[in-house]
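Here is a short briefing on one protein model. It runs from overall make-up to confidence, core, rings and single residues.

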Amino acid sequence: MKPILNLKKKQKKPLKIYIENILGIPYQSVIAVLIFIPILLMFIYSFNTLQANRSFSLVFTLDNYLRFFNEPIFIRLMVESIGLAFISTITTLIIGYPLALIIARSKPKMKTLLILLVTAPMWINMLLRTRALQQIFEMVAPDLLGSNTAIIVGMTYNYLPFMVLPIYTILSKIDDALYESSADLGANKLQTLIRVIIPLSVSGILSGIMMVFLPAATTLVIPKYLGQSRYLIGNLIENAMIQQGDFGYGSAIALIMAGLILIFLYLIKKVDSYQGAQDEDV
């Protein structure tokens, strides 16, 4: 009987795959239209030059990339943007991990309330949130406006939910028996956190880091209002493409930044894969 059942299961697989492929067509179409086509256009634009009549010539050139790397101020802006995004990501992790742990260990009613409070700012437009934070700085500490501190506070405030939610999702799936087993083996709460909880929640931490670092590195609104119109890499792209109409140069900057972010994502994936392999061995 078992070979017959296995044969029937094998016969159903092609149909299942066929249905999955059909259902995946809308998703694939959306990805093609909203992701691949814009990236392809940016790639084409980045190798073309803007003529005096504001039109592009379809001639291969590296001028846009060379222009960026030949300007030390542009390199400084990119390094500064990545540095501020990195500090903001670490800050959100330091605040977000304990908060996610508290939410995961709370009672169901309190858990729902805490999640609501964490996600409530996301219901408001980011521009409004940033302007409100700007007014708070003007009333409490006006000297901080225009500083790195104000920008980091703005990034932390705006992107904290993106760090809390993925970590909370992982922590909420950890069996309570692990806490009890750790206590039975003589571990205190700190040892349980370091040796049991944090290793099991690495995937959530890495997801939160990606979700915070990527938008923080290219943000436009926060440097404009909390940095008192300071220039970061996102503002440079906006100025090139919207104000100057130089889509080739703006596309080149965006692709350079995208390349650095892809390297960052690759390194995170390597860490995540290593952690997954460790978990399987255990």
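The protein has 13 helices and 2 strands. The model is predicted, with an average pLDDT of 83. Of its 282 residues, 35% are buried.

**Confidence and overall contacts**

- A pLDDT of at least 70 is reached by 88% of the residues.
- Among the elements, α7 has the highest mean pLDDT, at 94. The lowest, 58, belongs to strand β2 (residues 56–57).
- Over residues 7–12, pLDDT stays under 50. For that stretch the model has 0 contacts beyond four places in sequence.
- Take the contacts between residues at least 6 apart in sequence: 70% of them join residues at least 24 apart.

**Nonpolar core**

- The largest nonpolar core holds 57 residues. Which members touch the most others? They are F68, I167 and L171.
- Helices that each supply at least two residues of this core include α3 (63–69), α4 (72–104), α5 (108–119) and α6 (126–140). The same holds for α7 (148–171), α10 (202–217), α12 (233–243) and α13 (247–281).
- In soluble globular proteins, nonpolar side chains tend to be buried together.
- L171 is in contact with Y97, A100, L101 and A104, leaving aside neighbours within four places in sequence. I197 and S201 are also on the contact list of L171.

**Aromatic pairs**

- The whole structure contains 8 aromatic pairs.
- One of them joins F43 and F47, whose ring centres are 4.9 Å apart. Their planes meet at 70°, so the pair is edge-to-face, the class for angles over 60 degrees.
- Is F47 buried or exposed? F47 is buried, because its relative accessible area of 14% falls under the 20% cut-off. F43 counts as partly exposed, at 45% relative accessibility.
- F68 and F69 also form an edge-to-face pair, 5.4 Å centre to centre with 85° between the planes.
- F68 is buried, with a relative accessible area of 0%. F69 counts as partly exposed, because its 47% lies between the 20% and 50% limits.
- Ring pairs link F68 and F69 with F74 and Y249 into a cluster. F68 is thus listed both in this cluster and among the core members with the most contacts to other members.

**Charges over rings**

- Which ring does the charged end of R67 sit over? The ring is that of Y249, with the charged end 3.8 Å from its centre. Y249 is also part of the ring cluster.
- The charged end of R105 sits over the ring of Y179, 3.8 Å from its centre.

**Helix α10 and the loop after it**

- α10 has 16 residues. From first C-alpha to last, α10 reaches 22 Å, close to the 22 Å expected at 1.5 Å a residue.
- Buried residues in α10 include V202, I205, L206, I209, V212 and F213. G204, G208, A216 and A217 of α10 are buried too.
- An α-helix has 3.6 residues a turn, so residues three or four places apart point the same way.
- Where is T219 found? T219 is in the loop between α10 and α11 (221–225).
- T219 is buried, because its relative accessible area of 5% is under 20%.
- Beyond its neighbours within four places in sequence, T219 is in contact with M126, M155 and Y159. Its other contacts of this kind are G234 and N235.

How values were computed
Residues are numbered from 1 along each chain as its sequence is written. This is a predicted model: local features need pLDDT of at least 70, side-chain atom pairs count only at pLDDT 80 or more; totals for chains, interfaces and linings use all residues. Side-chain values use heavy atoms; hydrogens and water are left out. Rings of Phe, Tyr and Trp (its six-membered ring) pair if their centres lie within 6.5 Å; planes under 30 degrees apart count as stacked, over 60 as edge-to-face and the rest as tilted. Buried means under 20% relative accessible area, exposed over 50%, partly exposed in between (1.4 Å probe, protein chains only). A charge sits over a ring if NZ of Lys or CZ of Arg is within 6 Å of the ring centre and within 35 degrees of the ring normal. A nonpolar core is a set of buried Ala, Val, Leu, Ile, Met, Phe, Trp, Tyr and Cys residues joined through side-chain atoms within 4.5 Å. Helices (H or I, at least four residues) and strands (E, at least two) are DSSP runs, numbered from the N terminus. Contact means heavy atoms within 4.5 Å. The expected span of a helix is 1.5 Å times one less than its number of residues. pLDDT is the predictor's confidence in each residue, from 0 to 100.
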